[in-house]
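The report below goes through selected parts of one structure, from the packing of single elements to the contacts between chains. It is meant to be read beside the sequence and the coordinates.

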Amino acid sequence: MADVVVEQGRSVRAASPRKRTSLHNALRRKSTVAFFLTLPLILLIALLVLYPAFYSAHLAMLNKSMQKFVGLSNFTFLFKRDTFWMVVRQSCIFAITAVFFKALLGFIVAHFVHNLPAKGQRKWRGMLLVPWVIPPAMSTLAWLWLFDPSYSAFNYTLSFFGIGPIPWLGDTFWARFSVILVNVWYGAPFFMIMYLAALKSVPDQLYEAAAIDGANWWQRIWYVTLPMMRNIIAITTLFSLIVTFANFDIVRILTSGGPLDSTHIFATWAFQVGIQSSDIPLGACVSLFMVPILAVAAIFILRDVSKRGNEA
Amino acid sequence: MADVALRKVVKRYDDVEAVRGIDLDIADHEFIVLVGPSGCGKSTTLRMIAGLEDISDGDIMIGGDVVNDVPPKDRDIAMVFQNYALYPHMTVAENMSFGLRLKHYPKAEIKARVTEAARLLDITDLIDRKPKQLSGGQRQRVAMGRAIVRNPKVFLFDEPLSNLDAKLRVQMRIEIKKVHQKVRTTTVYVTHDQVEAMTLADRVVVMNKGRIEQIGTPNELYHKPATRFVAGFIGSPAMNFIPCRLEDVGGTLQLRLTDRIAFPLPPARAARYNALPRTDKLLLGIRPEHLTESHAHLEPGVETFDTVLDVTEPMGMETLVYFGLDGTPICGRVNPNAGAKDGAPMRLAMDLNNMHLLNEATGVVL
Amino acid sequence: MSTLAIDKGGPTRKVKYRSMSRDRTWALRWSYFFLVLFAIFSLTPPIYMLITSLKSSAEISAATNPWWVFHPTLSNYVELLTSNQFLRFFWNSAIVSIVVVMVTMLISIPAAFALARMKFWGSTTLATGVFLTYLIPDSLLFIPLFKMLAVVQDLTGITLLNRWYVLLFIYPTLTVPFCTWIMIGYFASIPKELDEAALIDGASWLQTLTRIFIPVALPGLIAATIFAFTVSWAQFLYPLVFTTSVDQLVLPVGITTTLIKGDVFNWGQIMTGALLGAAPPLIIYAFLMDYYIAGLTAGATKG
């Protein structure tokens, strides 16, 4: 790459006095350098992201042994299965509930941290982000152990209050509750950090002005904080919606989809169908159902991101 | 060291012409200042000389060679930027020597040049600091040092003092002038501040809307502006422009300002303006220092009139007085002891020996 | 009228002052109260990991108070750290993560530089495309990637499935888009005059990148490196799908699949393994928290 750059300087100097052409060449050379700098990125995205994404659509239209093109019959097959509709419903419940509580909890905690004297904030922030730092596969194992049917530390504690034992992972309702709880535990710190950064970017004068105008605590949040943070809240929420919707680790390790497939979401069910049961086309088909929701969220994020770019 | 020449230089961005054909000859060792309001094309011109912008048409020559297609690094120029553009991760010495190191100069020579430049700029003690640890003025010196060590043919300054506070700006202005007196490198300096332009330049180039309005020494520009733009841009407070017309009254040429006020022109001026059509709409250009309090012994050509002051601004060594003549706001400079008061009547004297007469339509000084 | 107003003004003002300082104290107390609650919620799983890891199997199955260690022992740690299998997982994870970080940086930095500074045909579209790629989750791609690897393996005869090194190609799809995106942000925040000064000083594009941009954007580079490392270290789905033999597994998959044997859960060892697996990201976080958080928030605030 260095050679190209050196070459650029030398040949420009030697170029003919017709500046229009030499300028044109220089511009083209700059584009060439830029192209080579981005080529690995383009190749990576094209070969290992875009191609598989479209390949997935192709796979979804083959039969189980992948020798025959069957059109949309995998899709129609899915539509007739109750498990599929349960997965759709559970995916939506899981993602929406988890994101809502992550966002809410993150917002509340960010406020409390922001309330603290500046000196202590770092310590608390550092402590509260720990769930996000631990690889989810590792921390979910800890939750699995906390939810253990016979040795659950939660049930041990609750028994002192006369509650329980709760079948954390054995009962449909509680299993769904548990996977959401673990997801909220894992994701709320991310919201907290994002909100905290946004809170810090709201100028103090605005709060002072609002206080002088007679706004109380709640009005200050409603009329100053929230509008100022709207963009970050929107991006973080949409972003988390995508990640939560496509979640795999937590459900896979905690319940593997059970009991009776009731906690399966798209990713875990696609894994079970596509990899464990070796029906790759059907698995691809299942995972493709994530696309519409991901696309809608992505469009909204992109709109916000480009809006932000225009403002800058 | 070298001279710089611009021949019909044009810069187009898509369909906007930022620079519309500039001809300029800069002599060796000369200190030239490009001055004008923002968007007048002065920075673009400087950046074209530097090679940071391509030129759309025309030629730029440095030391007699056409450099249109020469990349910046081979033009043998050095540039000082408005925000200094010091490399934040390098020490002062490393900042100054970066260009030399890229060109693989011997270590001993690099050290000698850096030491010499640091001594010249009085930053020897700061040589191992990072830019973050320096004050604005010190950063400015380092940026100049980075230019000096290269020993280039031309220095280019792009509004180098704009980020400094007023006091420091005056100090650095003198500093730049001193450095130029020592190194004598041809310098092109861009600023929007006419005081900076006047104090620094051998010759000032006043630009407006992508064109050169006038080139001249500071005194020429001040006393003999060619256009209304230059007359109004140079000098602070700015020159007053009063609508007027010429009249012949009993064989003498008179300048009528309002229905009430008309002055006979001094003989030299009368001879100069006699050929003008009497119907032309004209502007009288008069600097505030030529509008003073009236006193007993007035020189010939100084005429008095009475007015009521709107506002006065005591500046200490003088008092600025503001009033209106038929709705035209006018500023004068009077002695602080002359008794000027807000809202009070005052008799003022206008020195017509230093007047300018402009054509209102074309803006040309007649 | 005026006396009335003064009469009213006096007492209310006094009350207001007192209530304001009291408000603030109470707000602080409530803040601490809820933060302590939330901290307990946040730290329970990792602390419980630690507690369990210090217990023997006998103590665990005795069902004594689960929150307390009565006979602390390091036997779980000794056992795992002398087990070739566990060390193999650890080694696989380390090598994969480190190589992926390097590959990511080699791809991201030049691309981000070109996208931030060298406007060329399609550069804006590409930058947007990079961001969109970041939004495509692993759970959408693992099935087609699995099939692609199988097809390529059949065509070329190179074993790709069930080999840890295939992860070196796959992980960058997760790390490169985000790292490129935040590096674009960091590079774009460098003033344009700095590269112009370098250009006049005689630096080529490559020298501008290596000698000016990379050192100046070092904090961003560190943040991106941390991100790439933690993502590679934590990735679970791809290795679960692409590797199966015990000697090819990385840590997250190794712990969940080999330590959980049928019905016999050796929880002491599982928690020890999980804690050791969580240790590298936690240690990096403890030392480079500010960079970690900068990287986390950069995605949304730099865009």
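Is helix α14 (residues 280–288) of chain A largely enclosed by the rest of the structure or largely exposed, and how many of its residues are buried? The model is a predicted one, and in it nine of the nine residues of this helix are buried, so α14 of chain A is largely enclosed by the rest of the structure. The buried residues of α14(A) are I280(A), P281(A), L282(A), G283(A) and A284(A), followed by C285(A), V286(A), S287(A) and L288(A).

**Contacts between chains**

Chain A and chain C meet in a contact that takes 78 residues from chain A and 78 residues from chain C. On the side of chain A that touches chain C, the largest share, 18 residues, is supplied by helix α2 (residues 19–59) of chain A. By class, that side of chain A is made up of 65 nonpolar, 10 polar and three charged residues.

One residue of chain C that touches chain A can be followed individually. Y48(C) lies in helix α1 (residues 2–53) of chain C and, when residues up to four places away in sequence are not counted, touches A142(A), L146(A) and A153(A). Because Y48(C) has 19 C-beta neighbours inside 10 Å, it counts as partly exposed, the threshold for a buried residue being 20 or more. Within its own chain, Y48(C) is 35 residues apart from S83(C) along the sequence, and the C-alpha atoms of the two are separated by 23 Å.

Chain B also touches chain C, in a contact that takes 17 residues from chain B and 14 residues from chain C. Strand β6 (77–80) and helix α2 of chain B each supply at least two residues of the side of chain B that touches chain C, and by class this side has 12 nonpolar, three polar and two charged residues.

**Chain B as a whole**

Chain B contains nine helices and 21 strands, and its C-alpha trace spans about 80 × 45 × 35 Å along the principal axes. Of the 366 residues in chain B, 39% are buried. Among contacts in chain B between residues at least 6 apart in sequence, 67% join residues at least 24 apart.

**A pair of helices in chain B**

Helix α2 (residues 92–102) of chain B, which also takes part in the contact with chain C, packs against helix α4 (residues 136–149) of chain B at an angle of about 30°, with the two axes 8 Å apart. That angle makes α2(B) roughly parallel to α4(B), since angles under 35 degrees are counted in that way. The crossing of α2(B) and α4(B) is right-handed. From α2(B) the contact is made by V92(B), N95(B), M96(B), S97(B) and L100(B), and from α4(B) by V142(B), G145(B), R146(B) and V149(B). The residues of this contact divide into five nonpolar, three polar and one charged.

**Strand pairing in chain B**

Strand β12 (residues 252–256) of chain B has side chains that alternate: L253(B) and L255(B) point to one face and are buried, while T252(B), Q254(B) and R256(B) point to the other face and are not. In a regular strand the side chains alternate between the two faces of the sheet. Q254(B) has E247(B) standing opposite, and in β13(B) the bridge partner of Q254(B) is P264(B). The hairpin of β11(B) and β12(B) has two residues between the strands, and in it G250(B) takes a positive phi near 55°, whereas the hairpin of β12(B) and β13(B) has five residues between its strands.

Elsewhere in chain B, three strands form an open sheet in the order β17-β18-β19, with antiparallel pairing. Strands β17 (311–314) and β19 (328–334) of chain B stand at the edges with a single partner strand each, so one side of each is left without a neighbour in the sheet. Neighbouring strands of this sheet are turned by 25° against each other on average, direction ignored. In the pairing of β17(B) with β18(B), V311(B) stands opposite Y322(B).

The table sets out antiparallel strand pairs of chain B.

| Strand | Partner strand | Bridges |
|---|---|---|
| β11(B), residues 240–249 | β12(B) | five bridges |
| β12(B) | β13(B), residues 262–264 | three bridges |
| β17(B) | β18(B), residues 319–325 | four bridges |

Definitions and conventions:
Residues numbered from 1 in each chain as written. Chains lettered and ligands numbered in written order. Predicted model: local features only at pLDDT ≥ 70, side-chain atom pairs only at ≥ 80, totals over all residues. Axes fitted to C-alpha atoms, helices over the stretch in contact; angles between N-to-C directions. Parallel < 35°, antiparallel > 145°, perpendicular 65-115°, else oblique. Left-handed = near helix turned anticlockwise from the far one by under 90°. Contact = placed C-beta atoms within 7 Å. Nonpolar A, V, L, I, M, F, W, Y, C, P; charged D, E, K, R; others polar. Pairing = 2+ DSSP bridges. Buried ≥ 20, exposed ≤ 12 C-beta atoms within 10 Å, placed from the backbone.
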